[in-house]
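Welcome to a short set of exercises with worked solutions. Try each task with the structure in view, then follow the steps.

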Amino acid sequence: MCDTCGCQLHEHHHHDAKVVEVNRSLLEANQKQADSNRHHIEHMGAVAINLISSPGSGKTTLLERTIEALKETVRIGVIEGDIETERDADRIRAKGVPAVQLTTGGACHLDAPMVHGGLHVLEHFAKGGLDLIFIENVGNLVCPATFDLGEHRRVVLLSTPEGSDKPAKYPATFKGADLVLITKTDLLPYFDFSVEEATKEARLLKPDQEVLALSATSGEGFAAWLAYLNQLLPK
Amino acid sequence: MHELSLAQSLIDQIVALAAEHQARRVNRVVVTLGPFSGVVRDSFEFGFNILKQEREQIREAALELETPDPEYVCLDCAKVAVIPFPRQSDRLELARCGLSAKKCPWCGSTRLSPKGGTELILNQLEME
């Protein structure tokens, strides 16, 4: 029963009720922080890349090899996201590059407020400045898609053992990618993975989707990935 | 996915707007859940109805959910088609007739690309 007019109807309006048009996204708070992060990164003179994939697709290994290749000429910093442990940040630091570990304790994805905190710490440890910031998201092919972190490019990894049907099964994630990076190509002889099929599926979602394939262990295809990164950096 | 934290974001926005408009109570909330937003309608509604109990001004707020049908652009003929998701009850029938793959109603192609539909919007509030 309505306690204003005592009636039993659910659908009714009172004289002094007003309807206010809002039209705001429920994700507005995260989006505002993401936009602010992006400006912050640009103000630092850097470019940020959000790496998204299932657990074990090769994000950290990709970073290790990328750092080895670029660290003499590019100032790199990494924000690591995991539910538990500092293991990935430790691996990055071992390559001689500053890394901040965000441990969520339970959250299955990073969000913009978490990355905001990470950026401030990273800045502190990268006194000489930064050109390229990698944000390695929590291993998860579903949830990270929803949350802009303030990145300039979103790279989604798909490894050979995972199967070429994953773009079709995880459309939101693959559609939102700026680059789909197929990893562990050294394992192609042992799995049913088709680079052609994965590319086709990805381009159904986004017709002009950029797709690269590489192996961080054999080095195959790595030059194209480095070229992709280099063209993002200011000359 | 994350329906509860999305419901909480919604409630935070509503409470702030109610304060801004000096409203004693919010009667109705209209929200659009885009078809490709990944949000499960029932879970979202459930979360909202639980969380709204914590705030006097929104305890009675009725949630109206708009769930527009998904749109697809055909990569072969470039026309846009609105193809509703099959209802659970229809799926077995569709599978049996071999009609599970969506086809462009204009040219018959199966190369349909999801168009938009990822929005999660607080459209309007009715308050007093």
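**Exercise 1. Find how far apart the mean positions of the positive and negative charges of chain A are.**

Step 1: Chain A holds 23 positive and 33 negative charges.
Step 2: Take the mean position of each set; the two lie 4 Å apart.
Keep in mind throughout that this is a predicted model.

**Exercise 2. Describe chain A as a whole: its helices and strands, its span and its buried share.**

Step 1: Eight helices and eight strands occur in chain A.
Step 2: Along the principal axes, the C-alpha trace spans about 75 × 45 × 35 Å.
Step 3: Of the 235 residues in chain A, 51% are buried.
Step 4: Turn to the surface: chain A exposes about 11,000 Å², and 53% of that comes from carbon and sulfur atoms.
Step 5: Now look at contacts between residues at least 6 apart in sequence; 70% of these in chain A join residues at least 24 apart.

**Exercise 3. Decide whether A:A112 is buried or exposed, and why.**

Step 1: Locate A:A112 in helix 4 of chain A, which covers residues 112-125.
Step 2: Buried means under 20% relative accessible area. A:A112 has 0% relative accessibility, so this residue counts as buried.
Step 3: List the contacts, leaving aside neighbours within four places in sequence: A:A112 meets A:N30, A:Q33, A:A34, A:N37, A:D148 and A:L149.
Step 4: Pick out A:L149. This residue is 37 residues from A:A112 along the chain, yet their C-alpha atoms are separated by 4.4 Å.

**Exercise 4. Work out which class, buried or partly exposed, fits A:V47 and which fits A:S25.**

Step 1: Find A:V47 in strand 2 (residues 47-52) of chain A, and A:S25 in strand 1 (residues 18-25) of that chain.
Step 2: A:V47 is buried because its relative accessibility is 12%. A:S25 has a relative accessible area of 29%, so it is partly exposed.
Step 3: Check the contacts, not counting residues up to four places away in sequence. A:V47 touches A:I41, A:D131, A:L132, A:I133, A:H152 and A:L232. For A:S25, the partners are B:Q13, B:L120 and B:I121.
Step 4: Compare places in sequence and space. A:V47 and A:N140 are 93 residues apart along the chain, with 23 Å between their C-alpha atoms. A:S25 and A:Y170 are 145 residues apart in sequence and 23 Å apart, C-alpha to C-alpha.

**Exercise 5. Which residues lie nearest the centre of the largest pocket?**

Step 1: Begin with the space itself, about 1,400 Å³ in the largest pocket.
Step 2: The lining has 49 residues, and those nearest the centre are A:P171, A:A172, A:L205, B:F36 and B:P114.
Step 3: Name the elements that give two or more residues to the lining. Chain A supplies strand 6 (153-159), helix 5 (166-169), helix 6 (171-175) and helix 7 (195-205), while chain B supplies helix 3 (88-96) and strand 5 (112-115).

**Exercise 6. Where are A:K184 and B:Q22 found, and what is the phi of A:K184 and of B:Q22?**

Step 1: A:K184 sits in the loop between strand 7 (179-183) and helix 7 of chain A. B:Q22 sits in the loop between helix 1 (3-20) and strand 1 (26-33) of chain B.
Step 2: The phi of A:K184 is positive, near 60°, in a residue other than glycine. B:Q22 is not a glycine either, and its phi is about 50°.
Step 3: Finish with exposure. A relative accessible area of 26% makes A:K184 partly exposed, whereas B:Q22, at 72% relative accessibility, counts as exposed.

Definitions and conventions: Residues are numbered from 1 along each chain as its sequence is written. Chains are lettered from A and ligands numbered from 1 in the order in which they are written. This is a predicted model: local features need pLDDT of at least 70, side-chain atom pairs count only at pLDDT 80 or more; totals for chains, interfaces and linings use all residues. Side-chain values use heavy atoms; hydrogens and water are left out. Helices (H or I, at least four residues) and strands (E, at least two) are DSSP runs, numbered from the N terminus. Buried means under 20% relative accessible area, exposed over 50%, partly exposed in between (1.4 Å probe, protein chains only). Contact means heavy atoms within 4.5 Å. Accessible areas come from the Shrake-Rupley method with a 1.4 Å probe; for residues, only the protein chains shown count as cover. Lys and Arg count as positive and Asp and Glu as negative; His and the chain ends are not counted. The place of a charge is taken as NZ of Lys, CZ of Arg, CG of Asp or CD of Glu. On a 1 Å grid over the protein atoms alone, a cavity is a set of points where a 1.4 Å probe fits but cannot get out, and a pocket is an open set with protein on both sides within 12 Å along at least five of seven lines; lining residues have an atom within 4 Å of a point. Grid points are joined across faces, edges and corners, and a volume is the space filled by probe spheres set on the points.
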